[in-house]
Amino acid sequence: RKSIRALSTARLSSETEVEVMSGLLSSMNALLVAYDHGIEEDEYILASRAPLPWRTRLAVTHRRLSKLILTRNIMAVQSLMENTERELSPRIMSSRPSRSSAYSTTDERKVQARAQQEKANQRAIRKKQRRIANMNKAEL
């Protein structure tokens, strides 16, 4: 029987680690995409000269920091995953009978991350345009 300490320091196989990190990346990307604002829009809101209620400012600051933490963790896990993938020999990778549905190559993950970021940026732009249109209507 192994102790908890031995289990906590035991290393998984590189293939298993890559699959676990791939699932983690998918989860973190889903959390990041769920936000209806981009980091840039939060910074724009905080930098605006219009006075914000303190609760609103606190909420936007919290949302911005949460997205920054998610983004940095995504980059860290991607880096770890790339290093782990390099450790795997081509023979081991090609001998695998099947891939997990959550597993993807580094290039596929980069394309997916770029697409998700672009989608978030487009949502932020549309939201800014709606806000400006509403402000113009209110002035009339």
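# A tour from helix 3 outward

Start with Glu 43. Glu 43 is partly exposed, because its relative accessible area is 36%, which falls between the 20% limit for buried and the 50% limit for exposed. Keep in mind throughout that this is a predicted model.

**Stop 1: the partner of Glu 43**

Add Arg 64 to the selection. Its side chain forms a salt bridge with Glu 43, and the closest N and O atoms are 3.3 Å apart. This pair joins distant parts of the chain: Glu 43 belongs to helix 3, Arg 64 belongs to helix 4, and 21 residues separate them in sequence.

**Stop 2: the whole chain**

Zoom out and switch to a cartoon view. What secondary structure does the protein chain have? You will find 6 helices and 0 strands. Read from the N terminus, the order is α-α-α-α-α-α.

Now show the surface. The protein chain exposes about 10200 Å². Carbon and sulfur atoms supply 58% of that area. Of the 140 residues, 27% count as buried.

Contacts come next. Take those in the protein chain with a separation of 6 or more: 80% of them are between residues 24 or more positions apart.

**Stop 3: the buried side of helix 3**

Select helix 3, residues 39-47. Which of its residues are buried? Colour Ile 39, Glu 41, Asp 42 and Ile 45. Then look down the helix axis. These buried residues cover an arc of only 165° around the axis, so they sit on the same side of helix 3. A general rule helps here: an α-helix has 3.6 residues a turn, so residues three or four places apart point the same way.

**Stop 4: Asp 42 and its salt bridges**

Stay on helix 3 and pick Asp 42. Is Asp 42 buried or exposed? Asp 42 counts as buried because its relative accessible area is 0%, under the 20% cut-off.

Show its side chain together with that of Arg 63. The two meet in a salt bridge, 2.5 Å from N to O. This pair also links distant parts of the chain, with Asp 42 in helix 3 and Arg 63 in helix 4, 21 residues apart.

Next, add Lys 67. Lys 67 forms a salt bridge with Asp 42 too, and here the closest N and O atoms are 2.4 Å apart. Lys 67 lies in helix 4 and Asp 42 in helix 3, so this bridge ties together parts 25 residues apart in sequence. Lys 67 is buried, because its relative accessibility is 2%.

Keep the three side chains on screen. Asp 42, Arg 63 and Lys 67 are linked in a network of salt bridges. How many salt bridges does the structure hold? The count is 3.

**Stop 5: around Arg 63**

Centre on Arg 63. You are in helix 4, residues 54-87. Why does Arg 63 count as buried? Its relative accessibility is 18%, and the cut-off is 20%. Now show its surroundings. Beyond its neighbours within four places in sequence, Arg 63 is in contact with Tyr 35, His 37, Asp 42 and Ile 45.

Move along helix 4 to Ala 59. Ala 59 counts as partly exposed because its relative accessibility is 46%. Draw a distance from its C-alpha to that of Asp 42. The viewer should give 9.9 Å, for two residues 17 apart along the chain.

**Stop 6: the largest nonpolar core**

Leave the charges and select the largest nonpolar core. It has 10 residues: Val 18, Met 21, Leu 25, Met 28, Leu 32, Leu 70, Ile 74, Val 77, Met 81 and Leu 88. Which elements give two or more residues to this core? They are helix 2 and helix 4. Helix 2 supplies the largest share, 5 residues. As a general point, nonpolar side chains in soluble globular proteins tend to be buried together.

Pick Met 28 from the core. Not counting residues up to four places away in sequence, Met 28 touches Leu 70, Asn 73, Ile 74 and Val 77.

**Stop 7: Ser 22 and Arg 109**

Finish in helix 2, residues 14-33, by selecting Ser 22. Ser 22 is buried, because its relative accessibility is 2%. Then find Arg 109, which is 87 residues from Ser 22 in sequence. Join their C-alpha atoms with a distance line: the separation in space is 8.8 Å.

How values were computed: Residues numbered from 1 in each chain as written. Predicted model: local features only at pLDDT ≥ 70, side-chain atom pairs only at ≥ 80, totals over all residues. Heavy atoms only, no water. Helix = DSSP H or I, 4+ residues; strand = E, 2+ residues; numbered from the N terminus. Buried < 20%, exposed > 50% of the residue type's maximum accessible area, 1.4 Å probe, protein only. Contact = heavy atoms within 4.5 Å. Salt bridge = Lys/Arg side-chain N within 4 Å of Asp/Glu carboxyl O. Areas by Shrake-Rupley, 256 points an atom, 1.4 Å probe, with all protein chains shown as cover. Core = buried A, V, L, I, M, F, W, Y, C linked by side-chain atoms within 4.5 Å. Arc of directions from axis to C-beta.
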